[in-house]
Amino acid sequence: MNLLVNIRIAFRSLGANKLRTALTLLGIIIGVSAVVIVGSTGMSGKKAIVKELESFGLSSLRVWRSWGDRPPGEGAERLEAAINYDDLEAIVKECDKVKRVAPLCGDLMAWARYRGEYSKAQWIATTPDYNEINSD
């Protein structure tokens, strides 16, 4: 059969079954629209999540040890044995992707006095790299 003859037969069949044709077209339109909407919603969600994560700094990794239910001072010997500053320097030296490391100790609130006025202040002990890491 000729292609032109096939096209004529198809259009006659579509014209003869108008309700079936309309329902089929409606199903195709709804299906394609649903796929487009779901795809665009997924992309919008992905962009929102990436933007939120970038605000935390995708290029930094923070690792900390939690003391859990132990009072301060208990288990400090084990913490010092677990990781020390030499280990941090070794991480920078051995890992090509790591640019800087900064230990953080403290992170507690205490009262401070300046010119006779008291105020709450946050106290931490770290290295100068800490500010550079947090500004990236």
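Begin by selecting Ile28, which lies in helix α2, the helix that spans residues 18-56. Keep in mind during the tour that the model on your screen is predicted. Ile28 has a relative accessibility of 48% and therefore counts as partly exposed, because that class covers the values between the buried limit of under 20% and the exposed limit of over 50%. Now add Leu25, Ile29, Val32 and Val36 to the selection and show the surface, where these residues and Ile28 make a nonpolar patch of about 470 Å².

Next, move to Glu132 and select Arg100 with it, since the two form a salt bridge in which the closest N and O atoms are 2.9 Å apart. This pair connects distant parts of the chain, for Glu132 sits in helix α5 while Arg100 belongs to the loop between α4 (85-94) and β1 (105-114), and 32 residues separate them. A search of the whole structure finds one salt bridge. With the surface still shown, look at how much of each partner can be seen: Glu132 is partly exposed, at 39% relative accessibility, and Arg100 is also partly exposed, at 29%.

For the last stop, select Thr127, which is found in the loop that runs between β2 (117-125) and α5 (129-135). Is Thr127 buried or exposed? Its relative accessible area is 18%, so Thr127 is buried, given that the limit for this class is under 20%. To see what surrounds Thr127, display Tyr85, Val101, Ala102 and Pro103, which Thr127 touches when residues up to four places away in sequence are not counted.

Notes:
Residues numbered from 1 in each chain as written. Predicted model: local features only at pLDDT ≥ 70, side-chain atom pairs only at ≥ 80, totals over all residues. Heavy atoms only, no water. Patch = residues over 30% accessible without salt bridge, like charges linked within 9 Å, V, L, I, M, F, W, Y side chains within 5 Å. Areas by Shrake-Rupley, 256 points an atom, 1.4 Å probe, with all protein chains shown as cover. Salt bridge = Lys/Arg side-chain N within 4 Å of Asp/Glu carboxyl O. Helix = DSSP H or I, 4+ residues; strand = E, 2+ residues; numbered from the N terminus. Buried < 20%, exposed > 50% of the residue type's maximum accessible area, 1.4 Å probe, protein only. Contact = heavy atoms within 4.5 Å.
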